[in-house]
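Me: Pick one part of this model and take me through it slowly, then show me what else is there. I'm new to this, so please explain the terms as you go.

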Amino acid sequence: MSGKIAVRYGLQRSDFSLNVDAEIPMRGITGVFGESGAGKTALLRCIAGLEQAAAGRLVIADEVWQDETVSRPVHEREIGYVFQEPRLFAHLNVRQNIEYGQRRGRRSDTGFDEAVELLGLRDLLDRPINTLSGGEAQRTAIARALLRSPRVMLMDEPLAALDRARRDEILPFLDRLHAALSIPVIYVSHSVEEVIRLCDYLLVMEHGCIVAAGDIHEVLLRADLPLLGGEEAGAIIQATAIGHDAADGLTRIAFDDLEMWVPGAYQVGTPLRLRIRANDVSLCREDPGTSTVLNALPGSIESMREEGESCVLVHLAVGSGHILARITRRSRAQLQLEPGDRVIAQIKSVAVKNAPAAGR
Amino acid sequence: MASTLGPLLLSVQLAALTTLILVILGTPLAWWLSRTRSRLKPAIQAIVALPIVLPPTVMGFYLLIVLGPYGAVGRWWVEVTGEALTFSFSGLVIASCFYSLPFAVQPLQSAFDALGTQEVEAAWTLGASKIDAFFTIAVPLSAPGFLTATVLSFAHTLGEFGVVLMVGGNIPGETRVVSIAIYDHVESLDYASAHQMSIILVTFAFAVLLSMFLANRRLERRSR
């Protein structure tokens, strides 16, 4: 499928305004990334036709869905919307839920069996909705949206309401969808991990505006973005305060089974968002022992991307999270680093951005 | 026995017809109340709730005036049908609809409020028009509300006395419903007949309410 999705919307509310003008490819997964309240969900709802007050223009490949004179009602926009919550119909079982959109669809790109297979729902078809786990429910919701035969899938943080175990249960299914389907997906997320793992393209939103758009690798390196890229290129890690050293003014934090020291005093149990910049991470082959660097984490190299003449941005898996390290090409050659290698990441500085652990 | 069954059957007929009309008319009204941001909403809600607060005699008094042959509605009815509305079964149905209105509208509105917008929005995105989504999603998911509205309207109409007395009077086979008949029996010191009818009514009312709460429990368990 060729062409683009052209989106232009303005929406004014007392506490919020949306003002976007973007082009989204008709293929792959496009991430819409930003902090809570940046307008990501509002943008999806505009595309779906759920925001009646929104004025704008929406063109899907060759079809005009909305402009100054026409606006297709929600049910005539061929979209597959996966909400943050599964929003299943409690009076219907899994099969009936999945068939709800299919029976109202006009075309049939994805077959029932294909969708059921892709999302591993074969054994759940006759189950009532109230017996499903969170992950099973969200998989059902994704299959239901797929069988509407949408021209574009809209996914609004489909994993945000799930715990980590459920998220890890669903992510492989999303990978499979990505590989198996040609339908373009617009994927709203505030998770760098999800965006890095799933997306091909990225829109970055701030205060209701799009501040960056393009191929994910380019956008992640954008120097002018406060969230990603350039000097600020780095990763965000979600951790919990587990102890406090009053004498040295440090807080012990944990994420997964790894622990670090961060400056400042935080109450035990406080969820902390840590930002580790690529420039603050150096890599060693072996544990360097005592050093002025407090934090050293074991990790493995997932990928490396050359930057400019002399640098390499290394993408590391640490626990279940990811961090970036910016090293020189010379260092890479000296240490003979390759993807898959296990290394120790020395982290010179960790910034605590105290943000809620979850949210819209 | 015929004199016992007659008023009972009339009451059941009246209650059934009233309930049917109220569910049909009350559903769109409750849906509108649940979805609207109109400034009229509190006023409409207050009007709907009036019969709960007012003594039935007050309701009955105004209805008698409006439905009577010189009232706005009553005169029109006489012109169209040639019959008077007051002291007739039709008049009783209309009066009962006003009298039991809150018992249909309020449970429905609560059910629609509790439903929220999530599932209905999801149905729209799956290609269901607003009407389609209402009947295939909103109505089934609000089933406990419909059950409560039906049973309460029915039971409340069955137990009505003051409004009937004012608007309908006491015409056997036409307006002599069970509550009036019992009052009559007591007045004439025929306690045996009063007992007979009362115990039937008590048993019936308990059975209906019990089945409603049992069914509601099942419906709620399903949706959890």
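Reply: Let's start with a pair of helices: α4(A) and α5(A) cross in a right-handed way (the near helix is turned clockwise from the far one by less than a right angle; anticlockwise would be left-handed). Keep in mind that this is a predicted model, where local features need pLDDT of at least 70, side-chain atom pairs count only at pLDDT 80 or more, and totals for chains, interfaces and linings use all residues. Residues are numbered from 1 along each chain as its sequence is written, while chains are lettered from A and ligands numbered from 1 in the order in which they are written.

In chain A, α4 covers residues 134-146 and α5 covers residues 164-180 (helices are DSSP runs of H or I with at least four residues, strands are runs of E with at least two, and both are numbered from the N terminus). Their axes come within 9 Å and cross at roughly 30 degrees (axes are lines fitted to C-alpha atoms, for helices over the stretch in contact, with angles from 0 to 180 degrees between N-to-C directions). Therefore α4(A) counts as roughly parallel to α5(A) (under 35 degrees; over 145 is roughly antiparallel, 65 to 115 roughly perpendicular, the rest oblique).

Which residues meet here? From α4(A) come A:G134, A:G135, A:Q138 and A:R139, and from α5(A) come A:R166, A:E169, A:I170 and A:F173 (contact means C-beta atoms, placed from the backbone, within 7 Å). By class, this contact has two nonpolar, three polar and three charged residues (Ala, Val, Leu, Ile, Met, Phe, Trp, Tyr, Cys and Pro are nonpolar, Asp, Glu, Lys and Arg charged, and the others, Gly among them, polar).

Elsewhere in chain A, helix α1 (residues 40-48) is mostly covered, with nine of its nine residues buried (20 or more other C-beta atoms within 10 Å; exposed is 12 or fewer, partly exposed in between, with C-beta atoms placed from the backbone). Among them are A:K40, A:L44 and A:R45. Just after α1(A), A:G49 has a positive phi of about 85 degrees.

Zooming out, chain A is assigned domain 1 (4-229) and domain 2 (233-353), with bounds from an automatic or database assignment. The C-alpha centres of these two domains of chain A are 32 Å apart.

Now for chain B, which has eleven helices and zero strands. Its C-alpha trace spans about 65 × 40 × 30 Å along the principal axes, and 38% of the 224 residues in chain B are buried. Of the contacts in chain B with a separation of 6 or more, 73% join residues 24 or more positions apart.

Where the chains touch, 16 residues of chain B are in contact with 19 residues of chain A. On the chain B side, α6 (118-125) and α7 (130-141) each supply at least two residues, and α6(B) gives the most, with six. That side of chain B has seven nonpolar, five polar and four charged residues.

Two residues of chain B round this off. B:D132 lies in helix α7 of chain B and is partly exposed because there are 15 C-beta neighbours inside 10 Å. B:A43 sits in helix α2 (residues 41-53) of chain B and is exposed, because 10 other C-beta atoms lie within 10 Å. From B:A43 to B:M197 is 154 residues in sequence and 40 Å in space, C-alpha to C-alpha.

Methods. Two residues are in contact if their C-beta atoms, placed from the backbone, lie within 7 Å.
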